[in-house]
Amino acid sequence: MTENIGARVGARSLMIGAAVVVVLAGLKASQTLIIPFLLALFLAIICAPVVSWLTRARVPVGVAVLIVVIVLLAVFSGFGAIVGSSVNEFAAFAAQYQVRFDGLIASATTWFEAHDIDPQSLDVLTMLQPGRLINMLGGVLKNLAAVLSNLFLIILTMIFMLLEAATFPIKMQAAVRRGGVDIENLGQIVGQIQRYLGIKTATSLATGLLVGVWTAVIGLEFAVVWGLLAFLLNYIPSIGSIVAAVPAVLLGLVQGGIGYAFLVAAGYVVVNVAIGNFIEPYLLGLTLGLSTLVVFLSLVFWGWMWGSIGMLLSVPLTMILKILLENTDDLQWIAVMLDNRRGAEKRLEVLETASTADGD
């Protein structure tokens, strides 16, 4: 009898594993369709409070949505113009930077040889040439252009989502009432994503402003580019701020030498330590209920799944998955493993309170 139960459990686990593999393969293969829909969904979630505030002020829903769309298009256009002009200007100076960089490498090689040090240790620096930096920025712009190429579809989908936002809760209540699903649990998805995106946007703005001001004060060229890059890449957890610092430090090395590069790096370290390593993890940990390990692993997984856009959406997608798992009896234990320490302690308190009540 025990062997039969074990065999059934093993077969069920194998089937679940195979189903997960099939689902993941389908998600990866259909990313060109899913990513625009997800971007539209998250934009709708961000804009929904603004639309609600306008409708409470007696603005018609259609007019409120139109106002939000116009503001979004203006913001996207402004960012696109600033980034495009700055990167084009940077590319125009790339040849000069390359000459300076080659001179630094030649001087360092001479110094190493004079002190009987193997100059091959400079191979790391030769990997960070300005030409490679241009290619990296070009890759970032290529991904951004790929997203903007679907901008019409994204905005159109977002408009319909916002127009349906008022009737969506009623439809969900009618759909899930027979199944006994608590509609309030479903509302947690929207609320937590809104809080996450709000905190992330605030910390990204602070990071971008501080980096831009710091690089402008010390005289680093293209300070606007480094501020915008720090703002955008800060949405990518864990490694985004580090990646944003690399090209600025390299330019500091080319522009003013090793001491100046350390000065540029010092500003990034102070900003990232203060905001990225203390303020942001504290706020996100309390808000999301996700451990820092889970945040990092979600970055790796969704980045493998959907590239840079997957990294950008990694935490919101993991939040949705966690809430769905919490409402599934068989897989609720996985949601518990995704909790941070405070969330796990709260669960233990609830269980101890329930056991004490049953004992009484």
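These legends accompany several close-up views of a predicted model.

**Figure 1. The whole protein is built with helices and without strands.**
Let us begin with an overview. The predicted model has 16 helices and 0 strands. Of its 360 residues, 36% count as buried. How much of the contact between residues with a separation of 6 or more comes from residues 24 or more positions apart? Such pairs account for 71% of those contacts. The accessible surface comes to about 21,000 Å², and carbon and sulfur atoms hold 71% of that area.

**Figure 2. Ser-204 sits in helix α9 and meets Asn-234.**
Find helix α9, which covers residues 183-217, and look for Ser-204 within it. Is Ser-204 buried or exposed? Ser-204 counts as buried because its relative accessibility is 0%, and the cut-off for buried is under 20%. Its side chain makes a polar contact with the side chain of Asn-234, at 2.9 Å. When neighbours within four places in sequence are left aside, Ser-204 is in contact with Phe-231, Asn-234 and Tyr-235. Asn-234 therefore turns up twice in this view, as a polar partner of Ser-204 and as a residue within 4.5 Å of Ser-204.

**Figure 3. Helix α11 has many buried residues and is followed by a glycine.**
Helix α11 runs through residues 240-256, a total of 17 residues. From the first C-alpha to the last, α11 reaches 25 Å, close to the 24 Å expected at 1.5 Å a residue. Among the buried residues of α11 are Gly-240, Ser-241, Ala-244, Ala-245, Pro-247 and Ala-248. Further along, Leu-250, Leu-251, Gly-252, Leu-253 and Val-254 are buried too. Just after the helix comes Gly-257, with a positive phi near 95°.

**Figure 4. Helix α3 holds both Val-65 and Leu-73.**
Two residues of α3 (residues 61-92) make a helpful pair to look at. Val-65 lies in this helix and is buried, with a relative accessible area of 3%. Leaving aside neighbours within four places in sequence, Val-65 is in contact with Val-51, Ile-159, Leu-162 and Leu-163. You can also locate Ser-52, which is 13 residues from Val-65 in sequence and 9.6 Å away in space, C-alpha to C-alpha. Leu-73, by comparison, counts as partly exposed because its relative accessibility is 36%. Leu-73 belongs to a nonpolar patch on the surface, together with Val-63, Ile-67, Val-71, Val-75 and Phe-76. Together, the residues of this patch have about 440 Å² of accessible area. A general point may help as you look along a helix: an α-helix has 3.6 residues a turn, so residues three or four places apart point the same way.

**Figure 5. Ser-298 of helix α13 touches residues of helix α14.**
Ser-298 is in helix α13, which covers residues 292-312. With a relative accessible area of 6%, Ser-298 is buried. Which residues does Ser-298 touch, not counting those up to four places away in sequence? They are Gly-303, Ser-314 and Thr-318. Ser-314 and Thr-318 are themselves buried residues of α14. Helix α14 takes in residues 314-326 and is mostly covered, with 11 of its 13 residues buried. Other buried residues in α14 include Val-315, Pro-316, Leu-317, Met-319 and Ile-320. At 1.5 Å a residue, α14 should span 18 Å, and its end C-alpha atoms are 18 Å apart, which agrees.

**Figure 6. Arg-58 and Phe-222 are loop residues with positive phi values.**
Here is a look at the backbone. Most residues other than glycine have a negative phi. Arg-58, however, has a positive phi near 70°. Arg-58 lies in the loop between α2 (31-56) and α3, and counts as exposed at 81% relative accessibility. Phe-222 also has a positive phi, near 60°. Where is Phe-222 found? Phe-222 is in the loop between α9 and α10 (223-233). At 14% relative accessibility, Phe-222 counts as buried, whereas Arg-58 counts as exposed.

Note on methods. Residues numbered from 1 in each chain as written. Predicted model: local features only at pLDDT ≥ 70, side-chain atom pairs only at ≥ 80, totals over all residues. Heavy atoms only, no water. Helix = DSSP H or I, 4+ residues; strand = E, 2+ residues; numbered from the N terminus. Buried < 20%, exposed > 50% of the residue type's maximum accessible area, 1.4 Å probe, protein only. Areas by Shrake-Rupley, 256 points an atom, 1.4 Å probe, with all protein chains shown as cover. Polar contact = N/O pair within 3.5 Å; in protein donor to acceptor, adjacent residues only side chain to side chain. Expected span 1.5 Å × (residues − 1). Patch = residues over 30% accessible without salt bridge, like charges linked within 9 Å, V, L, I, M, F, W, Y side chains within 5 Å. Salt bridge = Lys/Arg side-chain N within 4 Å of Asp/Glu carboxyl O.
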